[in-house]
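The following paragraphs lead a new reader through one protein model, element by element. Please keep the sequence and the three-dimensional view at hand while reading.

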Amino acid sequence: MLLSMTGYGRANSTFGDKTISVEVRALNSKMTDIKLRFPGDYKEKEVELRKMVTDHAERGKIDVNIDVQNADGAALVSLNEALFRGYHRELSRLAGELNIHQGEMLQAILRIPNVVAAASGEVDEAEWQAICGVLTNALDNFKKFRVLEGLSQESDLRQRLTNITTFLDQVTPFERERFVRMRERMRNNLEENYGKENIDNNRFEQEILYYLEKMDMSEEKVRLGMHCSHFLEHLDSKQESVGRTLNFISQEMGREINTLGAKAYDADIQRLVVQMKDELEKIKEQLANVL
């Protein structure tokens with residue numbers, strides 16, 4: 001089962017006269033990058049919050065926003081009046097001395113760090129448990145979103161893999177025909193340049209075998225088929241975080257497809273190789289967004 005790396009989850013609840021809202025968003029990232037935004041009252045709980053998010057969300061660039069407001073919709077914040085007065089006094093003095101228009105000084109001061117802060121106080125354990133419950137619900141909704149996205153991605157990956165195996169099966173008829181054409185072409189070139197009577201047939205057959213061995217695609221076809229089967233096995237598994245493994249397998253598939261192209265010596269086989277490469281690139285694009 002695949003999980004998408006992108007996702008969204010939201011949950012709301014009330015606790016007493018407060019409204020608790022949690023939003024969880026995730027984008028692609030090779031590593032786990034968690035950004036938390038929550039009221040300053042719960043700063044001491046940051047480690048616990050990060051652990052909850054990591055346990056549920058795993059890899060990705062994850063943004064979590066926890067908002068706690070009073071029943072009237074006001075955020076739980078306080079104004080540091082002493083700090084505000086100090087900034088206002090000094091800025092007004094400088095503005096007067098330098099003859100600078102004060103403009104919207106109020107808004108400017110409010111944007112200064114620590115002037116407006118979350119209301120301070122000890123963490124109420126019952127309220128904290130309520131927040132944890134809302135966060136858990138948001139993370140559950142977030143995972144459901146990832147599952148739905150993963151089902152769509154899995155369907156696309158299976159189709160791309162089917163296309164590659166179909167193109168691989170189509171290589172075999174052209175592979176046989178190119179041996180015949182190459183043999184005839186080499187024979188005609190020798191007869192034209194050296195005359196039919198001057199050709200050593202035994203030596204000619206030896207040379208033909210040498211080129212046939214260089215052009216033989218049997219090993220690459222078998223390995224590519226095995227990689228495709230291995231890819232499907234991981235898609236069928238119940239593991240959730242298989243993105244990295246599938247990415248490694250896709251890299252091995254790419255090596256075999258490139259070798260097939262190098263050994264093609266045939267326009268029809270090259271066309272099939274290009275189509276396989278195109279499907280593989282689309283697989284890689286999907287895997288960039290899979291856990």
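Just after helix α2, asparagine 99 takes a positive phi of about 55°. This value, like every other given here, comes from a predicted model. The helix that precedes asparagine 99, α2, comprises residues 81-97, 17 residues in total. From its first C-alpha to its last, α2 reaches 24 Å, close to the 24 Å expected at 1.5 Å a residue. Its buried residues are Phe84, Gly86, Ser92 and Ala95.

A positive phi also occurs just after α1, where glutamate 58 takes a value of about 60°. Helix α1 itself covers residues 46-57. With 12 residues at 1.5 Å a residue, α1 should span 16 Å, and the 16 Å between its end C-alpha atoms agrees with this.

Which residues of α1 are buried? They are Glu46, Leu49, Met52, Val53 and Ala57. These residues cover an arc of only 125° around the axis, which puts them on the same side of α1. On the other side of the helix, Val47 and Lys51 are exposed. The buried residues of α1 pack against strand β3 (32-37), strand β4 (60-70) and helix α4 (125-194).

Helix α4 also holds leucine 135. Is leucine 135 buried or exposed? Buried means under 20% relative accessible area. Leucine 135 has a relative accessible area of 0%, and it is therefore buried. Apart from its neighbours within four places in sequence, leucine 135 is in contact with Val22, Leu49, Met52 and Val64. Two of these names, Leu49 and Met52, have already appeared among the buried residues of α1. The C-alpha atom of leucine 135 is separated by 9.5 Å from that of asparagine 65, although the two residues are 70 residues apart along the chain.

Strand β4, against which the buried residues of α1 pack, contains glutamine 69. This residue is partly exposed, with a relative accessible area of 25%. Between the C-alpha atoms of glutamine 69 and threonine 245 there are 44 Å, and along the chain the two are 176 residues apart.

The account now turns to helix α6, which runs through residues 218-236. It has 19 residues and reaches 27 Å from its first C-alpha to its last, close to the 27 Å expected at 1.5 Å a residue. The buried residues of α6 are Glu220, Lys221, Leu224, His227, Cys228, Phe231, His234 and Leu235. Seen down the axis of α6, these buried residues fall within an arc of 150°, so they line one face of the helix. They pack against α4, α7 and α8. Helix α4 thus appears once more, as it is also an element against which the buried residues of α1 pack.

The face of α6 turned away from its buried side carries the exposed residues Glu219, Val222, Met226, Glu233 and Asp236. For glutamate 219 the relative accessible area is 52%. A residue counts as exposed when this area is over 50%, and glutamate 219 is therefore exposed at 52%. Its C-alpha atom is separated by 78 Å from that of histidine 88, and these two residues are 131 residues apart along the chain.

Tyrosine 265 lies in the loop between α7 and α8. It has a positive phi of about 50° although it is not a glycine. Tyrosine 265 is exposed, with a relative accessible area of 58%.

The last feature is the largest pocket. How much space lies in the largest pocket? About 240 Å³ lies there. The pocket is lined by 13 residues, of which Lys30, Arg59, Asn247, Leu287 and Ala288 lie nearest its centre. The elements that give two or more residues to this lining are α7 (243-262) and α8 (267-287). Helix α7 gives the most, with 4 residues. By character, the lining residues divide into 5 nonpolar, 4 polar and 4 charged. The two helices α7 and α8 thereby join two parts of this description, as the buried residues of α6 also pack against them.

Conventions:
Residues are numbered from 1 along each chain as its sequence is written. This is a predicted model: local features need pLDDT of at least 70, side-chain atom pairs count only at pLDDT 80 or more; totals for chains, interfaces and linings use all residues. Side-chain values use heavy atoms; hydrogens and water are left out. On a 1 Å grid over the protein atoms alone, a cavity is a set of points where a 1.4 Å probe fits but cannot get out, and a pocket is an open set with protein on both sides within 12 Å along at least five of seven lines; lining residues have an atom within 4 Å of a point. Grid points are joined across faces, edges and corners, and a volume is the space filled by probe spheres set on the points. Ala, Val, Leu, Ile, Met, Phe, Trp, Tyr, Cys and Pro count as nonpolar, Asp, Glu, Lys and Arg as charged, and the others, Gly among them, as polar. The expected span of a helix is 1.5 Å times one less than its number of residues. Buried means under 20% relative accessible area, exposed over 50%, partly exposed in between (1.4 Å probe, protein chains only). The arc is that of the directions from the helix axis to the C-beta atoms. Contact means heavy atoms within 4.5 Å.
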